[in-house]
Structure formats: C-alpha cells, structure tokens
Amino acid sequence: MSNQSCCSWAVWHRASSPTVLPSASVGGTLSVGDRLARIRFRLGMSRMKLVVTPGLYALNDPGPEDPVLVTANFRLSFDALRSALGERSAWILVLDTKGVNVWCAAGKGTFGTNELIHRIRNSSLADIVSHRRLILPQLGAPGVAAHEAEQQTGFRVQYGPVEARDLPAYLDAGMQATAAMRTKQFPLMDRLELIPLELVQSWKIWLPLATLSALLSLLLNGLPSLSPLSDAAPALLGVAAGAILTPALLPWIPGRSFALKGGIVGVVLSSACLLLFPAGIGRGIFTVAAATAAASFLALNFTGATTFTSPSGVKREMRIALPVQGALLVAAVAGRIAAELLT
C-alpha cells in the first residue's frame with residue numbers, strides 16, 4: 001500500500017495483439033523522485049498529484065503465468081507494491097479509487113466489486129494471462145464481494161498479506177499466508193512517520209486557540225502575556241500532546257478511546273508545565289482546560305491514520321467526544337474570565 005516512478009506509468013505501450021488493451025511497463029526500483037514524493041505527502045504537500053492512471057501495468061517482464069496483484073491508484077500504494085516485489089515479474093491491476101489508499105477506499109466503496117469487474121474487462125486481462133487468479137490486499141476485503149467478481153469475470157479473488165513487504169514470502173509459499181501476515185501491526189516507527197502530517201494539519205487548532213488566548217489577555221489584562229507560560233502555551237501544549245505524544249505513546253496510554261487518550265496526555269503535559277512555570281489561577285485554568293480539549297481533538301483525528309477503528313466506531317466516539325471538548329473550551333474561557341475578575 002504505498003509510491004511510483006517518474007512518468008513511465010503515464011506512458012502507455014501498445015501490445016501487438018489488437019484484442020489486448022495497451023498497458024504500461026514499470027520497474028520495482030523506486031527513484032529519488034518517488035522517495036521525494038513520499039516525503040512531500042508526509043508533509044502534506046502535493047496530495048492531489050499522488051495519483052496513478054488506473055489500468056494494467058507490467059512489472060518488469062511478466063508472462064501469462066505470472067501473478068496479478070490488485071491495488072489502488074494512490075501513488076504511495078502503487079509504489080509500495082512494486083517496490084516490495086523488486087525484481088519479480090507480475091501484473092499490477094490498478095483500480096480507480098480517486099487517489100485514495102486501499103483501506104480507506106474499501107470503506108468508501110471505490111475499491112469495490114464494480115470497479116474491480118470494470119478494470120478486469122477494460123484491461124482485457126483474460127486475454128493477457130492464462131490463469132484466473134487475482135491477489136487483492138487484505139485491507140481491501142471490506143469493499144469487494146469476491147463471489148460476485150468471480151461470477152462476472154471468471155477470476156477468483158485471493159487475499160494477500162496485510163503488508164506489501166510480505167508479498168515475496170507469500171508468493172514463495174504458494175500464496176499461503178501465515179497468521180503474522182494476516183495481522184496489522186502499528187509499531188512505533190509507523191506511528192512516528194505519520195506525525196509530520198498531523199503537525200501540518202494541526203494549524204487549524206493551534207492558530208484559533210492561540211488567537212483566542214491572546215484576545216483574552218488583551219481584554220482582561222490590557223496586553224498579551226510575555227511570561228514563560230505565554231498565550232501560545234495552551235495551543236502548543238495541545239499540539240504536542242495530541243499530535244506528537246499521543247501517536248508516539250498510543251499503546252501505553254490507558255483507555256480505548258483516542259479522544260480520552262489525548263485528553264489524558266493533555267492534562268498531564270499542561271499540569272507539568274504549570275508546575276515548572278507557575279501562573280495565576282485564571283491562566284492556569286485556561287491552559288489546562290484548553291490544552292486538554294485541543295489534545296483530545298487532535299488525538300481523535302488520528303483515528304483516520306490507524307486500522308484500530310471502524311467508521312461506525314469513530315462516529316460514535318465523535319458524538320461523545322466533540323461536545324465534551326467544546327464544553328472544556330467553554331469552561332477554559334469562563335474559568336479564566338471569572339478568575340481574572342475575582343482577583
């Protein structure tokens with residue numbers, strides 16, 4: 001599920017047989033440009049350009065007996081697949097998922113049965129390969145009715161391992177997956193890789209929160225704070241807790257709810273900051289409550305980067321968490337105003 005080569009995949013090479021639609025030829029080695037594209041994506045740049053033209057691709061020099069692997073037209077997904085296979089020869093059938101990765105596209109229905117049937121027929125795959133087997137990524141299973149695809153096209157669907165890097169071992173074992181191949185892990189390095197994008201997107205939280213804090217200082221004290229616990233502190237602490245520490249420490253934070261996990265880290269981090277840099281009671285209330293609300297919201301947003309949750313589960317958590325986060329922010333403002341007026 002992840003990157004792609006310069007413009008080779010955008011150039012179609014016609015096959016000699018008129019009954020076979022043209023396909024593109026790609027290699028299994030990622031270029032510098034491919035790796036830079038991955039970095040740009042992790043930084044939230046050029047997201048809409050990371051799209052591969054749907055269709056059939058020849059990886060290295062495949063023959064009619066070589067396997068057919070199916071993926072999304074999200075460039076990082078396509079690149080992860082071909083780079084995992086390296087020098088092996090295979091056919092790659094790319095579905096039009098509107099530039100969305102396999103797992104999310106399966107949930108949205110774009111990595112689905114109808115699109116799979118359409119691409120099989122449109123690519124004249126039956127004329128290109130002698131077998132009738134398709135290997136789909138396991139995370140695409142929710143979107144595909146395998147029996148219907150077989151009835152319509154004659155191609156039998158098999159689900160490969162969760163991780164593209166396990167494909168060589170899976171193919172060498174006669175397309176038999178081990179229990180480990182069927183389990184999605186989310187180790188520390190995978191979580192850390194997602195943090196830059198979370199930070200880039202966090203401006204929608206920290207900018208309004210920092211502005212609100214500065215306005216409160218201006219209205220209540222006549223000027224913004226210049227103390228170590230500045231007006232930007234609640235926003236910075238919320239981002240640090242929700243977008244950095246919560247993803248990094250995810251398995252070790254109590255609770256199943258991402259919003260709760262973020263809230264716990266937000267309380268601990270902002271309270272520790274108050275111990276190091278004491279402030280008035282009003283500023284202290286605002287810092288802890290606002291940072292906790294921001295951290296909880298950002299941690300809840302991180303659910304979209306994991307396979308730990310389902311769409312229905314996220315919706316249910318949002319119905320509970322968002323009102324609580326809003327109430328915390330209101331309490332933060334009210335507590336600061338009340339404390340400043342009373343003192």
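The legends below describe an overall view and several close-up views of one predicted protein model.

**Figure 1. Overall view of the predicted model, with its 13 helices and 6 strands.** The protein has 343 residues, and 47% of these count as buried. When contacts between residues at least 6 apart in sequence are considered, 72% of them join residues that are at least 24 apart. The protein exposes about 16,200 Å², and carbon and sulfur atoms supply 65% of that area.

**Figure 2. Close-up of helix H2, which spans residues 75-85.** Because 9 of its 11 residues are buried, helix H2 is largely enclosed by the rest of the structure. The buried residues in H2 are Arg75, Leu76, Ser77, Phe78, Asp79, Ala80, Leu81, Arg82 and Leu85, a list in which charged side chains such as Arg75, Asp79 and Arg82 appear beside nonpolar ones such as Leu76 and Phe78. Just after the helix comes glycine 86, whose phi angle is positive, at about 60°.

**Figure 3. Close-up of a nonpolar patch on the surface, with an area of about 430 Å².** The patch is made by Val32, Leu36, Ile39, Leu43 and Val200. Helix H1, which covers residues 32-42, gives the most to this patch, contributing 3 residues. One residue to look for in this view is leucine 36, which is found in helix H1. Leucine 36 has a relative accessible area of 43%, and because this value lies between the limits of 20% for buried and 50% for exposed, leucine 36 is described as partly exposed.

**Figure 4. Close-up of phenylalanine 186 and phenylalanine 302, a stacked pair of aromatic rings.** A search of the whole structure finds 2 aromatic pairs. In the pair shown here, the ring centres of phenylalanine 186 and phenylalanine 302 are 6.2 Å apart and the ring planes meet at 25°, so the pair is stacked. The pair links distant parts of the chain, since its two members are 116 residues apart: phenylalanine 186 lies in the loop between helix H7 (167-172) and helix H8 (188-201), whereas phenylalanine 302 lies in the loop between helix H12 (281-301) and helix H13 (311-342). Both phenylalanine 186 and phenylalanine 302 are buried.

**Figure 5. Close-up of arginine 336 and the ring of phenylalanine 286.** The charged end of arginine 336 sits over the ring of phenylalanine 286, at a distance of 5.7 Å from the centre of that ring.

Definitions and conventions:
Residues numbered from 1 in each chain as written. Predicted model: local features only at pLDDT ≥ 70, side-chain atom pairs only at ≥ 80, totals over all residues. Heavy atoms only, no water. Helix = DSSP H or I, 4+ residues; strand = E, 2+ residues; numbered from the N terminus. Buried < 20%, exposed > 50% of the residue type's maximum accessible area, 1.4 Å probe, protein only. Contact = heavy atoms within 4.5 Å. Areas by Shrake-Rupley, 256 points an atom, 1.4 Å probe, with all protein chains shown as cover. Patch = residues over 30% accessible without salt bridge, like charges linked within 9 Å, V, L, I, M, F, W, Y side chains within 5 Å. Salt bridge = Lys/Arg side-chain N within 4 Å of Asp/Glu carboxyl O. Phe/Tyr/Trp six-rings, centres within 6.5 Å; stacked < 30°, edge-to-face > 60°. Lys NZ or Arg CZ within 6 Å of the ring centre and 35° of its normal.
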